[in-house]
Structure formats: C-alpha cells, structure tokens
Amino acid sequence: MATIKDIANRAGVSPAAVSRVLNYDQEISVSDATKKKIFEAAEALNYTKHKRDKGQSTKKMLLIQWYDDKEELEDVYYLSIRLGIERKLAEAGIELIKAALGEESIEASEMDGVLALGKFDQDQIKWLEKWQVPLLFVDFDALKFGHSSIVVDFQQGVSLAIEAAVRFGHRKIGMLTGIEHTKGKKELLLDDRLTAFRQQMEAKQLFLPQYIYQGDFTVEGGYAAVKKELQKEARDLPTFLFAANDAMAIGALKAFREEKVKVPAEISLVGFNDISVAKYVSPALTTIKVYTEWMGEQAVDFLLRLVQEEAPVA
C-alpha cells in the first residue's frame, strides 16, 4: 500500500495535508484542485500500470459524466472508474473526448463510440442516442432502454456483508443507504443495495426497518444520517452497520467518533466499494471490494467490441 508520504510527493503537497484531505477533514483550507490532485494520486498509486497496446488503431471515444469535479471529490467511486477508463484508452492509443451532459459542441463525425458514466433519465438517454454511434452505460442499468450496460453485482456484494455479520453472531444488523436523483428530471433512483439487503435479510427473518438509515451518497450524508440517530434520547443502535458506499461509511465513522461510540468494539461498520481512501481513515475502514478501475477498463474493452461488431443482444 502506498504511504501518505508517497501520495504527498506525487501530489506536491505536505503529508499533513494528504492525511487531512483523505480523512475528509472539513476544516482544512485547500482548493478543490489540490484535493483532486491528492485523490488522483492515491488512486494512481493503488493501481498497477499495464503496457500500452500499440496494435490498436487510432480511435476517438466520448466520455459523458453525470458528476462534476466537485461532486467527484465527495465520492471518489466515480473518479476511480473514470481513471480506469482514461488509463485503458491511453494504453490502447485511443483519444478521449470528455463532455458534460447537454454539451452541444461535439460532432458525430468526431467519435467512434460513447461511454456514459453515471445515472441518466429518459430525456438524457435520448440526448446520448443522437450521435448514432455505439453507446455503453457504466454503473447504470440501461437494458430496459435497449442499451448495453456494465453494472456492479450488488446481490453478491451485499451477501458478503450480511454473511460476515451473521457469522460473527450479529442479529441487530442495519444499513446506511443512499439517496440520489438524476440530474435532469431529478428522478429518484432506488438503491439496489437496499433492495438486495432487504430481500436477503427478510429471507433470514432478520430484517429490522428501524435500523435502516438514509442520507446522500456523500461523507456529509452518512454523517448526518448517523448523527441524527446518535442524538436520539432513547438511542437504539444495531451492532453491525453496512454502508452503501465508503463515503457514507467514513461520515458514519466520524459521527461515531464524536459521540464516543467505539468502532468496532460497540458497533461493527462495513463500507462498500473499497475506494483507496478507505485505507487511510482511522480506524481503517472494512469494506466490500468493487474493482472500479477494472470496471472502467472492461467498459473500454466492451465498447471497442461494439465499435468493431454490433452486439446481437444488449
């Protein structure tokens, strides 16, 4: 694992600044640009480089993201996928064009395929279809709209968390679930992890709705949701809490620390994604691994196959 000093050297900042940024210290006064350098350095040092594939012909791929730079810093899950996409394209000698949702300056003739990273509503999907080139959605199930998609197997990931809880004798098992909306119509998006959690817990006759907490998919969202529960007069906490992503888990960890709730002595906390930052918080966060960089690489490989030969099914 890369050290704080390694990250500091790569980002050109002090080790103290790296530590405070990776621990989401709200009181540190650094720019978003500096934060981005630190997070990208942490991701880069956590990744094994591959050799560039010189056999690939020159192509251009368009990447559309639903997160802006500031939002990406609040949840580096998408940053990690994006870096995986960028690395794979660079290794293959393919030019990357990045654009925001709704940007009209891109010409169809300029690209061979489109990668759409994030969550999209129907109007946005129609906008993405206008280029009439191979289109692949990443981290969004667009099969019902007739498009190929690469998504995480949430059922398996949630199962790993639940089985670990049961194996260690926990019966009061809770979940910190995320709330998010599409950018255009602000359509509410269901958290597939919560759906899987509820189904599996009900099958084991262990589902307890009072231990379901909700917040934004950010450090502050996780902090606020857990802090609210901790400040109740008649406090009743689970002994095991599964967070829908690592950012929320880090926020929960901060709330537990402030309210003198010991992790893991009093409550076990497990995150989801295994972002690079999870290793640097205190205590280090236990988390379910999602191979985000590899997910980005697979997206590029699959889109290249779509460019070369149209898939018989989505």
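A residue counts as partly exposed when its relative accessible area falls between the buried limit, under 20%, and the exposed limit, over 50%. Serine 14 sits at 37% relative accessibility, so it goes into that partly exposed group. The structure here is a predicted model. In it, serine 14 is part of the loop that runs between helix 1 (4–11) and helix 2 (15–22). Its C-alpha lies 9.1 Å from that of isoleucine 4, and the two residues are ten apart in sequence.

Arginine 82 makes a good contrast. This residue belongs to helix 5 (residues 77–91). With 3% relative accessibility against a cut-off of 20%, arginine 82 counts as buried. Leaving aside residues up to four places away in sequence, arginine 82 touches Lys36, Glu40, Leu63, Gln65, Glu72, Lys98 and Leu117. Leu63 from that list leads on to the strands, as leucine 63 has lysine 98 of strand 2 for its bridge partner.

Strand 1 (residues 60–65) is next. Five of its six residues are buried, so strand 1 is largely enclosed by the rest of the structure. On one pairing, strand 1 runs parallel to strand 2 (residues 95–100), and six bridges join them. On another, strand 1 pairs with strand 3 (residues 113–117), again in the parallel sense, over five bridges. Within that second pairing, leucine 62 has valine 114 of strand 3 as its bridge partner.

What about the nonpolar interior? In soluble globular proteins, nonpolar side chains tend to be buried together. The largest nonpolar core in this model takes in 107 residues, and Leu128 and Phe242 have the most contacts inside it. Helix 10 (residues 246–258) gives the most to this core, supplying eight residues. As for leucine 128, its contacts beyond four places in sequence are Ile64, Val114, Ala116, Phe120, Leu135 and Phe137.

Then there is the empty space. Rolling a probe the size of a water molecule over the atoms shows where such space is left. Searching the whole structure turns up two cavities of 30 Å³ or more. The largest cavity holds about 100 Å³ of space. Its lining is made up of Tyr67, Asp75, Tyr77, Tyr78, Lys119, Asp139, Phe154, Glu180, Arg193, Phe217, Asn245 and Asn273. Sorted by class, this lining has five nonpolar, two polar and five charged residues.

The second largest cavity comes in at about 30 Å³. Ten residues line this second cavity, and those nearest its centre are Glu43, Ser80, Asp274, Thr292 and Glu293. The class split for its lining is two nonpolar, four polar and four charged.

Besides the cavities, there are open pockets to look at. The largest pocket has a volume of about 520 Å³. Of the 22 residues lining the largest pocket, Phe140, Asp141, Leu189, Leu190 and Asp192 lie nearest its centre. Strand 7 (188–189) and helix 8 (192–203) each put at least two residues into the lining of the largest pocket. By class, that lining breaks down into ten nonpolar, two polar and ten charged residues.

Technical notes
Residues numbered from 1 in each chain as written. Predicted model: local features only at pLDDT ≥ 70, side-chain atom pairs only at ≥ 80, totals over all residues. Heavy atoms only, no water. 1 Å grid on protein atoms, 1.4 Å probe; cavity = no way out; pocket = protein on both sides within 12 Å on 5 of 7 lines; lining within 4 Å. Points joined across faces, edges and corners; volume = space filled by probe spheres on them. Nonpolar A, V, L, I, M, F, W, Y, C, P; charged D, E, K, R; others polar. Helix = DSSP H or I, 4+ residues; strand = E, 2+ residues; numbered from the N terminus. Buried < 20%, exposed > 50% of the residue type's maximum accessible area, 1.4 Å probe, protein only. Contact = heavy atoms within 4.5 Å. Core = buried A, V, L, I, M, F, W, Y, C linked by side-chain atoms within 4.5 Å. Pairing = 2+ DSSP bridges.
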